[in-house]
Amino acid sequence: MKAVMLRKRNWLVGSVVLLGVLSGCGVTLPPKELVSARRAFKEAQEARAAELSPVQLEEARQALARAEVSFEDEGDASVTRYTAYQAERRALSARSAASAEAAKQARAKSEQELRNLQAGYQEATETKLAKTRAQLEKEAAEKAKTKEQLEAERKARLAAESKLSAALASLEQIAKVKEEARGVVITLSGSVLFATGKWELLAMAQNRLDDVAKALKDQGYKHIVVEGHTDSRGSEQANLDLSKRRAEAVRSYLVGRGIDANKIEAKGIGEARAVADNASADGRANNRRVELVVTPE
Amino acid sequence: MTKVLVLGMSAVVSLAVACGGAAVPHDKVTAAEAEMRAAEVGGASDVQQAALHLKLAQDQIVKGKALIQEGENEEAALVLDCAQTDAQYALALAKEETAKKEAEAAAKEVAELKRKTAKGP
């Protein structure tokens, strides 16, 4: 405790002596306004005022210089304090102006970045839009193509049907034509084609078969089965044999008239599929026939 | 008569010299008041620190005018100069505040747009 008191007293004595010495030498301590002004100027420099607010900093420098001169000439007079006060305010203004300028530059940078972002986003959006548009156009084109194809198929089908109708119409003038589940059936009367019990084609049969061949070629065909049919007179075997020979004769003739041999076959059915009553002459006449079963294209 | 006038004028001048000799700083009153108005228009009243220096400037103008009344022209001039610098500082603070707010708003807009566009279009 005694040591502390002694230290305090020594310090006080030392300060008084120092002040006395300084006063004796004519050294005046700067007024607080000048100290503040110097500090403010330093802070303005550190805040990059030389770069950001050079005009204001120069004004502050000149004001501080005036204050320093005043302090040198007048010491701690009121004029020095007023001048230093002004210098401090100018230095603070310079620092504030530097801060404002830095903020303006930051804002300008942000605005540029905003523009870049917006441009980039817009570009990306447009690219995506273009891609989507192209995809839609592609799908529309494919759809249109399918539609076109369908239309072409429909037209082809209509043309084929029309052709078939025309062929059928011409055939109907020379034979019975009927559409059945097994195909288009052209029925030629046996009495027109063959003599009784014979399988050689009569002369007038050839004319008929020429017309049939032409109609078939016009219509188009996938496959033809020539079926020979008889009435029930005579043995079943004999009728079967006769019907087969008659079918072969018609087949050969048609092949000779340009029908594709690979697409036509002959079958003997005999009396098995009667279409009329064999008890009557008319019935038997109807049963004696050759049927061409045509599978259209 | 002329002699009286000359003598009278000399007396007045001598009196003026004896009292300090500084001209009445009416121009400094005008200048200080103009700086104050500029600071007010610049929004200094809306910024706390700026409003404080605006008040200081106002008080100094009042003091300066009082000193003029008392014939203390030299001191009045100094006080009015201080008023000017305080008003100028008030305006600088207001401008700084505005600039900072605008910079902040722009930065916020950028951040917002970045957030929105992060996932792409």
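Two residues are in contact when heavy atoms of theirs lie within 4.5 Å. Keep that in mind as we walk through this predicted model, starting with chain A. Among contacts in chain A with a separation of 6 or more, 71% come from residues 24 or more positions apart.

What is chain A built from? Its secondary structure comes to nine helices and five strands. Going along the sequence, you'd meet them as α-α-α-α-α-β-β-α-α-β-α-β-α-β. Chain A has 297 residues, and 33% of them count as buried. The chain exposes about 18,400 Å², with carbon and sulfur atoms supplying 54% of that area.

Now for chain B. Here the tally is four helices and zero strands, so to speak a plain α-α-α-α run from the N terminus on. Of its 121 residues, 36% count as buried. Take the contacts in chain B between residues at least 6 apart in sequence, and 69% of them join residues at least 24 apart. The accessible surface of chain B is about 7,500 Å², and 59% of it belongs to carbon and sulfur atoms.

Next, let's look at how some helices pack. Two packed helices are described by the angle between their axes and the distance between the axes. Back in chain A, find helix H7 (residues 203-219) and helix H8 (residues 236-256): their axes come within 10 Å and cross at roughly 60 degrees. Angles from 65 to 115 degrees would count as roughly perpendicular and those under 35 as roughly parallel, so this crossing makes H7(A) oblique to H8(A). The crossing is right-handed. On the H7(A) side, the residues that meet the other helix are A:Gln206, A:Leu209, A:Asp210, A:Val212 and A:Ala213, while H8(A) brings A:Val250, A:Tyr253 and A:Leu254. Sorted by class, this contact has six nonpolar residues, one polar and one charged.

Chain B offers another pair to look at. Helix H2 (residues 26-41) and helix H3 (residues 48-69) of chain B pack with their axes 10 Å apart, at an angle of about 165 degrees. An angle over 145 degrees counts as roughly antiparallel, and that is therefore how H2(B) and H3(B) are set relative to each other. Their crossing is left-handed. From H2(B), the contact draws on B:His26, B:Val29, B:Ala32, B:Glu33, B:Met36, B:Ala39 and B:Glu40; from H3(B), it draws on B:Leu54, B:Ala57, B:Gln58, B:Ile61, B:Lys65 and B:Ile68. Those residues divide into eight nonpolar, two polar and three charged.

Two single residues of chain A round off the tour. The first stop is A:Arg48, in the loop between helix H2 (32-46) and helix H3 (49-52) of chain A. Its phi is near 65 degrees, which is a positive value in a residue other than glycine. Is A:Arg48 buried or exposed? With a relative accessibility of 41%, A:Arg48 falls in between and counts as partly exposed.

The other stop is A:Glu297, in the segment after strand E5 (289-295) of chain A. At 70% relative accessibility, A:Glu297 counts as exposed. Which residues does A:Glu297 touch, leaving aside those up to four places away in sequence? They are A:Gly220, A:Tyr221 and A:Lys222. A:Lys222 is 75 residues away from A:Glu297 along the chain, yet the C-alpha atoms of the two are separated by 4.8 Å.

How values were computed. Residues are numbered from 1 along each chain as its sequence is written. Chains are lettered from A and ligands numbered from 1 in the order in which they are written. This is a predicted model: local features need pLDDT of at least 70, side-chain atom pairs count only at pLDDT 80 or more; totals for chains, interfaces and linings use all residues. Side-chain values use heavy atoms; hydrogens and water are left out. Axes are lines fitted to C-alpha atoms, for helices over the stretch in contact, and angles run from 0 to 180 degrees between N-to-C directions. Helices (H or I, at least four residues) and strands (E, at least two) are DSSP runs, numbered from the N terminus. A crossing is left-handed if the near helix is turned anticlockwise from the far one by less than a right angle, and right-handed if clockwise. Ala, Val, Leu, Ile, Met, Phe, Trp, Tyr, Cys and Pro count as nonpolar, Asp, Glu, Lys and Arg as charged, and the others, Gly among them, as polar. Buried means under 20% relative accessible area, exposed over 50%, partly exposed in between (1.4 Å probe, protein chains only). Accessible areas come from the Shrake-Rupley method with a 1.4 Å probe; for residues, only the protein chains shown count as cover.
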